[in-house]
Every structure is written in structure tokens, then in C-alpha cells.
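Colleague: I am new to this structure and would be grateful for a close look at a single part of it, the open sheet, followed by an account of the parts around it. Please set out your reasoning as you go.

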Amino acid sequence: MVQREWVEKDFYKELGVPPDASEEEIKRVARKLLAENHPDRNPGNAAADEKYKAVGEARDVLTDKEKRREYDETRRLFANGGRRRFGGGDFGGFAGAGADGVEFNLNDLFDAAGQSGGANIGDLFGGLFGRGAAQPRPSRPRRGNDLETETELNFREATKGVQMPLRLTSPAPCTNCHGSGARPGTSPKVCPTCNGSGAISRNQGAFGFSEPCTDCRGSGSIIENPCDECKGTGVATRTRTINVRIPAGVEDGQRIRLAGQGEAGLRGAPSGDLYVTVHVRPDAVFGRDGTDLTVTMPVSFTELALGTTLTVPTLEGTVNVRVPEGTADGRILRVRGRGVPKRGGGHGDLLVTVKVAVPSKLEGEAKEALQAYAAAEKASGFDPRAGWAGSHR
């Protein structure tokens, strides 16, 4: 159950950030930890693998505004471990004895919630104080588990987007009974014990509790003729291929959620989600800085000194970039709108870094011409280190 797991886990500590950390800070720290503990960098390292999974879970909760709000509220509510005492003027928590002297604690309530098909903690407190016990809520189908997989793309596929097949072997809806769990030609019947609610009520002293029906195990229905293929579960393990659309601009380590493509739920319940972690292979020419595309262009000294026009590669062909006369080595020239596609539309920029390529050996006229230039440069009074020593004292 999510609430119980949240009580037992400190996602902020897992990432090493304070509880008031911004979403951007959490993403930045998580990205760094995921890279450090990635299975490809730590083959056979069980500790790194566990850390990678824990960081991914913490990031998913803390970067989702609604999940983070629920997580913070749950942690505040049960900050002292969820084992305290009713009565005596001390409402510091939730453990102790009921009106008939029966001991109980919060873990029992969480366990009851987990066995009732995912009832939330509000439902439990409603039953605890006798509210709604006479009218148990219908049992909700047990949703299938989420699945995770990984895929690898080259740099250009990641920046431009791609549609690709993914082959998975996992529990999926039974093709024989179409997920109902009942033999073809028959259908499940409403449980006569709970009238289809999946829960029955009982009283314990001053408190009223709702618990899963023992006859239908909380499902609200009974299958008299189970499917021969899935034995009444509505689920069968099979290999399937799904087409996944990787959006343009995806980054290395980013997770993509495919709703309803995870493990099938029991007896027609909704399927879980599939999370695909994308790994991007580096490119020999391009790099990325957010949505900006980066490239380093080799140039000669004379091209920087006299100025020139460079033909620079982009994701879509080439573009001409003007290098002004007297451009310094290492200068970054920006070309608007020729970078990586943005999620909300448009593109980042192309950042071109000019880097002087020095010839390893000069001979003949080229060497003589350069020596003549060096002499003329010195005679002109140009000193490349003028003022340099004083600025570094």
C-alpha cells in the first residue's frame, strides 16, 4: 500500500535534499545519482542497483506535485511512527486499546487497507469511528502492477523523436476469457454474502470495521466456472510487442510513462503502467545543454583573425555561421532556433564553439610566411600577454 510505504521511506534523505528543496533541485540531484548508480556503469553491483531504483522512486514522487503533497501530509501525520495512544487527553497518535480492551496499532490498519483491495486511509478512519460501517463501499478492482523496462537510442533519435517496438514478457489479460476469469460462454456472479460490495462489516466494542468478504475475497463476484487458460485470474503471462513513441528531445535517463501498458489486473481490473527508461548514446559531433544543441568547429588562426563563414552541421542539414574578424579562440556563436525540439513547441539554439586547430608541423612557404608574420606582429607592438601577469598576482 502506498501510504504505508511512504511512512517507512524518507525520499528526501534518499536524495540528500532538504524537505523544502525545489523541484529543479530535486531533478538535478536525482539525475546525478541515477547516472552514478546506473546498472551499465556498475555491472553486478547490487548496492548500486538498489540505490538506482530507490532514487528513481523518490524522484517520481517528489517531482509530481500531487504525489509530493500527499507524501508530505502522510509523513507529517505519522511522523512518530504511527504507534501512539488514544484517550487520557493524549491524542498524539494511533495505538493503544479499544473500548473492549483489544490492542491495536496503525500497522494493523494499514494491513487491513492492503487486504481490502486498495482502500485509502480515509476509508479506514471512517470505519474506525463508526462512520459508514453500515454501508461498506463497493470493492474496487485490484489494479495491475507497474512494469519497468529500458531502451537505448542514438543521439539523433533522442533529439528528433522516434517510434519503436518494445517486446515484453509479462502478465497480460487472458485472451481466452478476455480478462473476466470465467470460462467462455459464462460470466461471474454477484457474491451473495456481500451483495457485490466485496466487504462485510463487523463491530469491535465502540468501533466499527469493514473487512474483505471471505467468500469472494473482496472481489464482489464469484466465478463458478473458471477459465481453463488462466484458472479464473483473468491474467496469463505472454510475450507481446507494443509500439512506443519516444518524444522528441528526450534526455538520457528520462523515464516515459505508458498508461495501461503494465501488468494486467486480476479478473478484468485495470492494468498498471509501463515505465520506459531511455538511455542515449553520445554523438561524435553533437552535444546537448538542455534544449540547446552544441558543436565544436575546428578553425584556423587566420579564419579567426580575418573572419570567415563556416558551414556548420545541424539536426536538419547545415547552416552558415558568420565568424567576425578578430574572433577569440573558444568563443561561442549562437544560432537561434536550430537546437533540440522543446516539449511545449519550438526549438532551442545551436551553440557553435570555435576552436583553433594548430598544425603539428609547418614546412616550406607556410613556415616562412608564419615566421615573417611573427616578426611583423612583434614589430607592431602586439603582446598577447600584456597585463596578464598583473591580473594573476
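Modeller: The open sheet consists of three strands in the order 3-11-10, and its pairing is mixed. The model in which it appears is a predicted one. Two strands stand at the edges, strand 3 (147-153) and strand 10 (255-258); each has a single partner strand, so one side of each is left without a neighbour in the sheet. Direction ignored, neighbouring strands of this sheet are turned by 25° against each other on average. In general terms, the strands of a sheet pair through backbone hydrogen bonds, either parallel or antiparallel. Strand 10 and strand 11 (residues 274-280) run antiparallel and are joined by four bridges. Within strand 11, threonine 277 is the residue that stands opposite arginine 255.

To place this sheet in its setting, one may turn to the chain as a whole. The protein chain has 393 residues, of which buried residues make up 36%. Its secondary structure comes to eleven helices and 17 strands. Among the contacts in the chain with a separation of 6 or more, 61% are accounted for by residues 24 or more positions apart.

The helices offer a second kind of packing. Two packed helices are described by the angle between their axes and the distance between the axes. Helix 3 (residues 23-36) packs with helix 4 (residues 46-62) at an angle of about 165°, and their axes are 10 Å apart. Since angles over 145 degrees count as roughly antiparallel, helix 3 is roughly antiparallel to helix 4. The crossing of helix 3 past helix 4 is left-handed. On the side of helix 3, Ile26, Ala30, Leu33 and Leu34 take part, and they meet Tyr52, Val55, Gly56, Arg59 and Leu62 in helix 4.

Helix 4 also has an encounter with helix 5 (residues 65-77): their axes cross at roughly 100° and come within 6 Å. That angle makes helix 4 roughly perpendicular to helix 5. Here the contact joins Asp60, Val61 and Leu62 of helix 4 with Lys67, Arg68 and Tyr71 of helix 5. Leu62 of helix 4 thus belongs to the contact with helix 3 and also to the contact with helix 5.

A loop deserves attention as well. Glycine 307 lies between helix 9 (301-306) and strand 14 (308-314). With a relative accessible area of 17%, glycine 307 is buried, because buried means under 20%. Leaving aside residues up to four places away in sequence, glycine 307 touches Thr302, Arg322, Val323, Pro324 and Glu325. Glycine 326 is 19 residues from glycine 307 in sequence, and the two are 6.7 Å apart in space, C-alpha to C-alpha.

Finally, the cysteines may be considered. A disulfide is a covalent bond between the sulfur atoms of two cysteines. A search of the whole structure finds zero disulfides. For cysteine 174, the nearest cysteine sulfur is that of cysteine 177, 3.8 Å away, and cysteine 174 is in no disulfide. The cut-off explains this, because a disulfide requires the two sulfur atoms to lie within 2.5 Å. Cysteine 174 counts as buried, at 3% relative accessibility. Cysteine 194 is likewise in no disulfide; its nearest cysteine sulfur, that of cysteine 216, is 3.7 Å away. Cysteine 194 is buried too, with a relative accessible area of 6%.

Conventions. Residues numbered from 1 in each chain as written. Predicted model: local features only at pLDDT ≥ 70, side-chain atom pairs only at ≥ 80, totals over all residues. Heavy atoms only, no water. Buried < 20%, exposed > 50% of the residue type's maximum accessible area, 1.4 Å probe, protein only. Contact = heavy atoms within 4.5 Å. Pairing = 2+ DSSP bridges. Axes fitted to C-alpha atoms, helices over the stretch in contact; angles between N-to-C directions. Parallel < 35°, antiparallel > 145°, perpendicular 65-115°, else oblique. Left-handed = near helix turned anticlockwise from the far one by under 90°.
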